[in-house]
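Visitor: I have a model to look through. Please walk me round and justify the terms as we go.

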Amino acid sequence: MSYFASIGRISYEGSRSNNPLAFQHYQAEQVIAGKKMEEHLRFSMAYWHTLTGGGSDPFGTATAIRPWDGYSGMDLAKARVEAAFELMEKLGLRYFCFHDRDIAPEGETLQETNRNLDVIVDLMEQHMKSTGIKLLWNTACLFTHPRFVHGAGTTSNADVYAYSAAQLKKSLEIGKRLGADNYVFWGGREGYESLLNTDMKLELDNLAFLYRMAIDYSREIGFDAQFLIEPKPKEPTKHQYDFDAATTIAFLQRYGLEAHFKLNLEANHATLAGHTFEHELRVARLHGMLGSLDANQGDLLLGWDTDEFPTDLYATTLTMYEVLKNGGLGKGGINFDAKVRRASFEPEDLFYAHIAGMDAYAKGLKVAARLIEDRVFDEAVDRRYASFREGIGRDIAEGRATLASLEQYALENRPISNISGRQERLKAVLNQYLLEADK
Ligand code: XUL
Ligand code: CO
């Protein structure tokens with residue numbers, strides 16, 4: 001049974017190709033900065049947007065036409081697995097990600113829900129074996145069901161906390177069974193609507209304890225995935241505790257959890273927090289906590305998470321610049337937490353969207369590698385901070401200076417002179433690299 005019979009395997013045809021079902025930049029085997037593109041990029045399909053999303057919004061129902069529309073219940077869940085692997089194989093996507101509730105329907109009881117999951121996980125395991133496609137990460141959906149109205153790890157209801165822990169336990173077992181490289185925590189309801197009814201201290205303590213129990217249980221069952229927290233400032237709650245990279249790192253440090261986690265950073269979450277994506281990557285990188293990416297882009301004129309496929313080459317270049325400077329993403333990858341627009345409702349749009357995203361990242365990788373090779377920004381930064389490599393600046397950088405020694409220097413110093421930051425020039429050079437024909 002084929003779900004996308006009219007579409008064949010997508011291949012690389014180069015930037016002059018007019019074939020909409022071909023890559024212009026993504027060439028899995030091409031070596032960039034000493035590594036194959038597919039190793040740098042480790043693209044992943046987001047199960048929720050691609051298989052279960054239908055394009056509904058707060059004002060309208062689903063619009064998507066999908067080849068698995070005729071099925072329901074567990075038959076639908078099974079059809080989606082088959083369609084998912086066909087789509088990933090055709091696009092050359094080697095990884096995927098899912099929430100537990102994306103892949104199998106909830107039953108009447110937790111026992112029945114877990115049995116449904118087991119059936120689908122069996123089927124996935126078979127497809128993973130026959131295709132070699134791997135699980136980049138899985139997670140527990142602790143936000144959709146009404147029981148999570150007050151949160152999961154930060155709920156005001158201990159029964160809901162216990163239910164969340166049970167769901168998390170099962171998801172860790174699934175991750176272990178499918179050999180997931182990472183396990184993600186995204187706290188969609190881990191925040192508050194009003195401080196008037198919120199015990200922030202208890203909520204944060206409980207959330208940290210849930211993470212601690214997850215670490216302990218993973219160790220117990222031998223699940224060695226990298227744990228990732230995905231920051232987001234708001235939506236669905238008004239304020240989410242994992243607001244951005246810096247806030248999340250401070251939380252992990254406060255509870256002594258930082259050695260067990262890295263961050264899964266998402267482009268549209270960064271912009272919702274008032275940051276660029278590369279800012280979030282830089283903060284995580286300098287703390288040694290850059291783990292994985294949810295690649296998408298937002299609409300800067302809108303105040304919500306639009307999860308569009310990434311096509312902005314300027315952004316993908318600066319993102320890959322941070323990734324390369326980090327020495328790669330290790331066990332992480334680039335997950336398209338992105339959905340086709342509501343008006344792009346035909347099945348082919350799923351292919352066009354992934355091709356656009358993969359090409360945008362491939363081009364970004366190539367440009368970023370050349371910027372690093374030519375030390376374009378490194379040289380500018382070296383020049384700008386040169387005063388800290390000698391004399392009084394070196395005393396400061398190496399921690400030898402005191403307020404008294406600095407005062408003595410300042411009193412005797414000749415007039416201070418500054419040098420230009422040359423920002424406009426650097427942006428022009430960045431454009432030059434972006435527009436240069438492929439080497
Ligand atoms: C929501 C979001 C989630 C996480 C996984 O904004 O990004 O889909 O990636 O729960
Ligand atoms: Co995400």
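**Surface, fold and cores**

Guide: The accessible surface of the protein chain is about 21,200 Å² (Shrake-Rupley method, 1.4 Å probe). Carbon and sulfur atoms hold 52% of that surface. This is a predicted model: local features need pLDDT of at least 70, side-chain atom pairs count only at pLDDT 80 or more, and totals for chains, interfaces and linings use all residues. Residues are numbered from 1 along each chain as its sequence is written, chains are lettered from A and ligands numbered from 1 in the order in which they are written, and side-chain values use heavy atoms, without hydrogens and water.

Visitor: What makes the protein chain as compact as a globular protein of that length?

Guide: Its radius of gyration, taken over C-alpha atoms, is 24 Å. The globule rule (2.2 Å times the number of residues to the power 0.38) gives 22 Å for 439 residues. The two are close, so the chain is as compact as a globular protein of that length.

Visitor: How many residues count as buried?

Guide: Of the 439 residues, 49% do. Buried means under 20% relative accessible area (1.4 Å probe, protein chains only).

Visitor: Why is a set of residues called a nonpolar core?

Guide: Because its members are buried Ala, Val, Leu, Ile, Met, Phe, Trp, Tyr and Cys residues, joined through side-chain atoms within 4.5 Å. The largest such core has 113 residues. Leu 41, Tyr 47, Phe 96 and Met 124 touch the most other members. Helix 12 (residues 347-373; a DSSP run of H or I, at least four residues) gives the most, twelve residues.

Visitor: Which residues is Met 124 in contact with, beyond four places in sequence?

Guide: Tyr 47, Val 81, Phe 85, Phe 96, Phe 98, Ile 103 and Leu 178. Contact means heavy atoms within 4.5 Å.

Notes
Buried means under 20% relative accessible area, exposed over 50%, partly exposed in between (1.4 Å probe, protein chains only). Helices (H or I, at least four residues) and strands (E, at least two) are DSSP runs, numbered from the N terminus.
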